[in-house]
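Here's a walk through this protein, one piece at a time. Keep the viewer open and follow along.

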Amino acid sequence: MALYVFSDAHLGSADEEKENEKISNIRRLFDIVKTDGDRLVILGDLFDFWFEYKHAIPKEHHETLVMLSELVKHGVKIDYVSGNHDFWMDDYFEKQIGLKVHRDIFEIDYDGRRLHMIHGDGLAPDDRGYRFLKRILRNPVNIWLYRKLPPDWASPLAKAVSGSSRNYTSRRDHTFAADYEHYARQKLIDGFDVVAIGHLHVPVHKEYTEGIYINTGDFIHHYSYARIDKGTVALNFLDE
C-alpha cells in the first residue's frame with residue numbers, strides 16, 4: 001500500500017468545462033488510491049476558496065465532498081493540509097467527513113521514512129508583499145468580521161480576492177522556486193527523508209544525498225501527484 005499526495009486543484013476557479021475536467025480527474029486519482037493506497041494527503045488549495053460558516057458550506061463543491069466521504073468510508077486515511085485558499089476551515093471536514101485537518105505543516109513517519117509536508121505559501125523570504133497579505137487574511141479579528149457577512153454577500157467578494165491572490169502568486173512563485181528548494185534541502189539536512197510542497201503549480205522531483213524533494217505541481221494543467229511507499233518516492237502524472 002502507498003501514500004498519495006496531491007494539491008492545487010483550485011476547484012471553483014474555472015468555467016464549467018474545466019471544472020468538470022478537474023473533478024473527473026480527481027475521481028480518477030481517488031479510484032487509484034482506493035485500489036493501491038491506504039493514505040492520502042491533500043496538500044492545500046483543493047478549493048479556490050473555502051470558508052465555513054456555522055450552518056453553511058459552499059454548495060458548489062458537493063460532488064467533491066461526497067467523493068472524499070466515500071474514500072474515507074473505503075478505509076483510506078485522509079489528511080488535509082491547509083493552503084492559502086482554504087485556510088478558513090473549521091470542523092466540517094473532521095466531523096462530517098472524517099478526515100484530519102492540519103494547519104500549514106504535516107509531519108509523519110511512513111514506511112520507515114520521515115516526511116515533512118507543507119503547502120508552501122509565504123516560504124520565500126523576499127516575497128514580503130504576500131507575507132504581509134497572509135498576516136491580514138489569517139488575522140483572527142478579520143476572520144471574525146468576515147464571518148458576520150451573509151454568505152451570499154461574502155462569497156462573491158471572497159472569490160474576487162481569491163482570484164487576485166491566485167494571479168499574483170502565479171506571476172511571482174516561479175521567481176521564488178529556488179527558495180522552495182532551499183527550504184526543502186534544509187529540512188532534509190535536519191533529518192527528514194522526504195519533503196513535499198505544493199503551491200508553485202510546477203511539478204518538481206529532486207534527489208539529494210540527504211533525501212528527496214517533491215513539489216506536487218497542480219490538478220489544473222499537470223494533474224501530477226506523488227506516490228510514496230517503502231520502495232519508491234515517485235512524481236506521477238495522471239495520463240502517463
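## Helix H2

H2 is 12 residues long and reaches 17 Å from its first C-alpha to its last, close to the 16 Å expected at 1.5 Å a residue. Bear in mind that this is a predicted model. The buried residues of H2 are Thr 64, Leu 65, Met 67, Leu 68, Ser 69 and Leu 71, and what covers them includes H1, E2, E3 and H3. After H2 comes Gly 75, with a positive phi near 110°.

Take Leu 68, which is found in H2. Is it buried or exposed? Its relative accessibility is 0%, so Leu 68 counts as buried. Setting aside neighbours within four places in sequence, Leu 68 is in contact with Phe 30, Ile 42, Leu 46, Ile 78, Phe 93, Ile 97 and Leu 99. With Ile 97, the separation is 29 residues along the chain but 7.1 Å between C-alpha atoms.

## The overall picture

Stepping back, the protein has seven helices and 11 strands. Of its 240 residues, 51% are buried. If you take the contacts with a separation of 6 or more, 65% of them are between residues 24 or more positions apart.

## Helix H1

Now to H1, which covers residues 16-36. Those 21 residues should span 30 Å at 1.5 Å a residue, and the end C-alpha atoms of H1 are indeed 30 Å apart, which agrees.

Which residues of H1 are buried? They are Glu 19, Lys 22, Ile 23, Asn 25, Ile 26, Leu 29, Phe 30 and Val 33. Looking down the axis of H1, you'd find these buried residues within an arc of 165°, so they line one face of the helix. The general background is that an α-helix has 3.6 residues a turn, so residues three or four places apart point the same way. On the face of H1 turned away from the buried side sit the exposed residues Glu 16, Glu 17 and Thr 35. As for partners, the buried residues of H1 pack against strand E1 (2-6), strand E2 (37-42), helix H2 (62-73) and strand E10 (224-228).

## The six-stranded sheet

Six strands make up an open sheet, in the order E4-E3-E2-E1-E10-E11, with mixed pairing. At the edges are E4 (100-102) and E11 (233-237), each of which pairs on one side only. From one strand to the next, the twist averages 25°. H1 packs on this sheet and touches E1, E2 and E10, its direction making about 165° with that of E1.

For a look at one pairing, try E3 (residues 77-81) and E4: they pair in the parallel sense over three bridges. Asp 79 stands opposite Lys 100 in E4.

## The E5–E6 hairpin

E5 (residues 105-110) and E6 (residues 113-118) run antiparallel and are joined by six bridges. They form a hairpin with two residues between the strands, and Asp 111 in the turn has a positive phi of about 50°. Asp 109 stands opposite Arg 114 in E6.

E5 has two faces to look at. Phe 106, Ile 108 and Tyr 110 are on its covered face, while Ile 105, Glu 107 and Asp 109 are on the uncovered one.

## Nonpolar cores

In soluble globular proteins, nonpolar side chains tend to be buried together. Here, the largest nonpolar core has 32 residues, and those with the most contacts inside it are Phe 6, Leu 40, Leu 46, Leu 68 and Phe 93. At least two residues of this core come from each of E1, H1, E2, H2, E3 and helix H3 (92-97). H1 gives the most, with five residues.

Leu 40 touches quite a list: not counting residues up to four places away in sequence, its contacts include Leu 3, Tyr 4, Phe 6, Phe 30, Val 33, Leu 71 and Val 76. Apart from the largest core lies another one of 18 residues, among them Phe 106, Leu 115, Ile 228 and Leu 235.

## A residue in H7

Finally, find Gln 186 in helix H7 (residues 177-189). Gln 186 has 36% relative accessibility, so it counts as partly exposed. Between Gln 186 and Glu 210 there are 9.5 Å from C-alpha to C-alpha, and the two are 24 residues apart in sequence.

How values were computed. Residues are numbered from 1 along each chain as its sequence is written. This is a predicted model: local features need pLDDT of at least 70, side-chain atom pairs count only at pLDDT 80 or more; totals for chains, interfaces and linings use all residues. Side-chain values use heavy atoms; hydrogens and water are left out. Helices (H or I, at least four residues) and strands (E, at least two) are DSSP runs, numbered from the N terminus. The expected span of a helix is 1.5 Å times one less than its number of residues. Buried means under 20% relative accessible area, exposed over 50%, partly exposed in between (1.4 Å probe, protein chains only). The arc is that of the directions from the helix axis to the C-beta atoms. Contact means heavy atoms within 4.5 Å. Two strands pair if DSSP finds at least two bridges between them. Axes are lines fitted to C-alpha atoms, for helices over the stretch in contact, and angles run from 0 to 180 degrees between N-to-C directions. A nonpolar core is a set of buried Ala, Val, Leu, Ile, Met, Phe, Trp, Tyr and Cys residues joined through side-chain atoms within 4.5 Å.
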